[in-house]
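Visitor: Pick one part of this model and take me through it slowly, please. After that, I'd like to hear how the rest compares in the same terms.

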Amino acid sequence: MPEVVLETRDLVKYFPLTRGIVFKTKFGDVQAVDGINLQLYRGETLGVVGESGCGKSTLARLLVGLEKPTRGSIVVRGRDHAKLSGEEMRRARRNIQLVMQDPYTSLNPRMTVGDIVAEPYQIHPEVAPKGEVRKRVHELLELVGLNPDHINRYPHQFSGGQRQRIGIARALALKPEIILCDEPVSALDVSIQAQVMNLLEELQNELGLSYIFIAHDLSVVRHIADRVAVMYLGKIVEIGKDTEIYDHPTHPYTQALLSAVPVPDPTLRGHRDQIVLQGDVPSPDNPPSGCRFRTRCWKAQEICSTTEPPLQPSQKSAHPSACHFAEERDVIHATQ
Amino acid sequence: MSVSHATARLSPSLAGADPTAPLLAVEDLRVEFRTRAGVAKAINGVSFEVNSRETLAILGESGCGKSVTAQAIMGILDTPPGFITGGQIRYRGVDLLKRTHEERRQIRANKIAMIFQDALSALNPVFTVGFQLTELFRKHRGMSRTDGKKRAIELLDLVRIPAARKRVNDFPHQFSGGMRQRVMIAIALALDPELLIADEPTTALDVTVQAQIMNLLADLQRERHMGMILITHDMGVVADVADRINVMYAGRIVERAPVFDIYAKPSHPYTKALLESIPRVDLKGQQLNVIKGLPPSLISIPRGCAFNPRCRYAQDVCKQDPPPPLSQVQPQISSACHFWKEVRGDA
């Protein structure tokens with residue numbers, strides 16, 4: 001078994017809902033992330049999929065330390081990041097870096113590419129001596145496939161795909177072990193998507209990085225991930241190896257999600273097992289009792305509203321699946 | 001409950017319209033944007049036809065001119081900087097570009113309607129959705145507020161918005177993304193158009209909601225015998241709903257074919273490369289095929305075939321003007337490539 005580089009234990013993030021200006025009273029919580037347990041192994045890519053509002057981005061922000069968890073712990077190298085603060089937190093952050101979704105807004109338009117990629121060294125001066133920074137930036141730009149001669153250009157002089165490469169170079173500057181990619185290719189055109197995904201895979205092989213790859217595009221995740229976690233309303237409903245999730249999904253939500261993905265093959269039109277879910281994701285400030293998916297689930301019974309199904313393997317599911325009636329259903333045509 | 005058809009198609013008929021002519025025919029359309037940086041040639045001679053009950057997909061990456069085509073058809077191009085410099089857009093044989101502003105306003109919504117990618121910015125945030133729907137009936141049909149509101153509720157029902165009677169008084173921000181898209185579809189269908197242009201209708205939505213909306217659009221199209229132009233970059237969505245596909249690159253149609261042929265045997269290197277860059281199950285763990293380089297700037301489109309700097313089939317002839325014309329290579333299949341035989345593997 002490879003080494004665990006990151007582990008979360010019962011990770012919870014609630015955002016309080018308050019009323020009033022002078023006398024603030026709390027009247028509820030947005031339960032954005034509610035009890036996430038996951039492990040990330042060295043050198044692997046863990047894909048996290050789910051619809052908007054399911055808590056994937058909050059999870060990312062918790063893991064890089066941009067939000068403090070309400071409860072639970074994030075253990076990296078044996079240290080609980082949730083309990084660190086100040087100087088220790090600053091140093092711990094070096095190890096987990098973030099690649100953001102929108103390459104148009106995540107780069108400061110007034111800074112040159114050289115300054116953007118060198119900024120991590122200003123915040124963490126102990127990583128590289130001042131005289132070496134410029135050389136490092138050159139190396140990083142070359143590593144992500146950009147021309148180092150363009151070091152003095154501004155972000156607007158680059159295309160979307162190139163900007164995402166700048167974001168990746170910045171994330172790599174501090175030599176982290178873990179990179180969190182929050183929808184890294186969803187703002188890019190198909191042909192450019194492929195370039196960026198290839199780059200991410202090359203970097204992983206070269207530098208032994210571990211990725212947490214958050215995306216809503218299931219075919220992109222399938223291509224890059226070794227294991228996949230499916231999230232719904234702040235909880236993981238199913239987790240397993242990519243083949244387990246895509247070829248043998250046992251949770252109804254995963255099945256619906258997979259079957260809804262349009263397939264680039266017109267000959268399968270009308271021959272696919274398409275499950276069209278009714279309605280929208282319920283609001284996370286007042287999630288349904290018991291199983292959170294029951295309001296949109298065609299299998300829901302009495303027990304689903306009273307008892308929350310645990311995320312564990314069962315007789316009919318070899319990998320952990322949080323459903324009382326977990327059962328394999330062939331929606332594979334949705335992804336082939 | 002659905003809007004009954006007899007009452008619905010009472011839109012004023014268009015003078016000179018020939019009911020036997022194609023629903024919409026675009027011929028040699030040219031659009032340019034005159035900017036400070038130079039003249040961007042967004043559309044360089046695009047021709048196609050759409051008929052009733054047919055779904056034509058326009059497929060391409062950002063900047064290929066697919067949305068500008070839609071704007072030109074609707075007559076909502078930003079002028080300046082955008083100018084239509086040539087060509088015809090014929091609705092049932094009538095050239096829309098020769099009509100007055102008022103006539104075109106009548107044609108919009110009555111004959112040709114459009115839905116946009118981002119419903120939140122397409123709807124007016126300070127009016128209720130009921131008001132925005134009723135407004136159409138009042139302006140175009142001279143209905144009273146009460147009658148208009150009744151029709152508005154019927155329409156919200158038609159696009160399957162639950163509790164339509166109550167929701168009609170809600171503002172756009174009170175709807176979820178998918179529901180908002182349904183409201184926009186309701187507004188587009190209000191005056192029973194014959195042609196619906198859908199510009200990336202599901203790009204901003206989650207996959208489960210995307211499936212709902214695409215199914216709804218397909219049902220409505222079948223019920224109302226509409227023609228549809230679907231503009232998208234998503235090869236998956238296209239495979240599910242389109243009858244025919246136009247692939248656009250740098251303001252030109254580079255391939256046109258029925259949906260099955262395109263996916264089975266593309267005839268243009270760009271289409272082929274696009275299909276190969278989609279992540280696929282059987283290629284997991286391998287490098288994805290990428291199209292090297294970037295789409296060209298519309299201000300300086302490469303000489304000859306615009307795709308030649310990125311093309312693996314390119315030869316010297318591809319760098320020479322004029323660019324290869326879109327010509328028929330098989331019945332119903334056209335390609336704008338000198339080497340279509342090699343691309344198809346027919347050579």
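Guide: Let's start with what pairing means here: two strands pair if DSSP finds at least two bridges between them. Strands are DSSP runs of E with at least two residues, helices are runs of H or I with at least four, and both are numbered from the N terminus. Keep in mind that this is a predicted model, in which local features need pLDDT of at least 70 and side-chain atom pairs count only at pLDDT 80 or more, while totals for chains, interfaces and linings use all residues. Residues are numbered from 1 along each chain as its sequence is written, and chains are lettered from A and ligands numbered from 1 in the order in which they are written.

The part I'd zoom in on is the sheet of chain B. It's an open one, four strands in the order S2-S1-S4-S5, paired antiparallel. The edges belong to strand S2 (38-50) and strand S5 (94-95) of chain B; each has a single partner strand, so one side of each has no neighbour in the sheet. At the S5 edge, two bridges hold S4(B) and S5(B) together, running antiparallel. For a concrete pair, look at Tyr91(B), whose bridge partner in S5(B) is Val94(B).

Val94(B) also leads us to a loop. The C-alpha atom of Ala15(B) is 8.5 Å from that of Val94(B), although 79 residues separate the two along the chain. Ala15(B) belongs to the loop between helix H1 (5-8) and strand S1 (24-35) of chain B. Ala15(B) counts as exposed because it has 8 C-beta neighbours inside 10 Å. (The cut-offs, with C-beta atoms placed from the backbone: buried is 20 or more other C-beta atoms within 10 Å of the residue's own, exposed is 12 or fewer, partly exposed is in between.)

Across the sheet goes a helix: H2(B) lies over S1, S2 and S4 of chain B, at about 110° to S1(B). Such angles run from 0 to 180 degrees between N-to-C directions, with axes as lines fitted to C-alpha atoms, for helices over the stretch in contact. Contact means that two C-beta atoms, placed from the backbone, lie within 7 Å. Between helix H2 (66-74) and strand S4 (82-91) of chain B there's a loop that holds Pro80(B), and the bond from Thr79(B) to Pro80(B) is a cis peptide with omega of about -20°. Chain B has another cis bond, Asp321(B) to Pro322(B), with omega near -5°; Pro322(B) sits in the loop between helix H12 (269-276) and strand S11 (327-330). Most peptide bonds are trans, and most residues other than glycine have a negative phi.

Now the neighbouring chain. Chain A has an open sheet too: four strands, order S2-S1-S4-S5, antiparallel pairing. Strand S2 (25-41) and strand S5 (79-80) of chain A are at its edges, each with a single partner strand, so one side of each is left free of neighbours in the sheet. Helix H1 (56-63) of chain A packs on that sheet, touching S1, S2 and strand S4 (71-76), and its direction makes about 70° with that of S2(A). S1(A) and S2(A) are antiparallel over 13 bridges, and Pro16(A) is opposite Asp29(A) in S2(A). Strand S1 (4-19) of chain A also contains Asp10(A), a non-glycine residue with a positive phi near 50°. Asp10(A) is exposed, because it has 12 C-beta neighbours inside 10 Å.

How far should you trust all this? Chain B has an average pLDDT, the predictor's confidence in each residue from 0 to 100, of 87, and 95% of its residues score at least 70. Residues 1-10 of chain B fall below 50, and that stretch has nine contacts in the model beyond near neighbours in sequence. For the complex, the predictor gives an ipTM of 0.76 and a pTM of 0.82.
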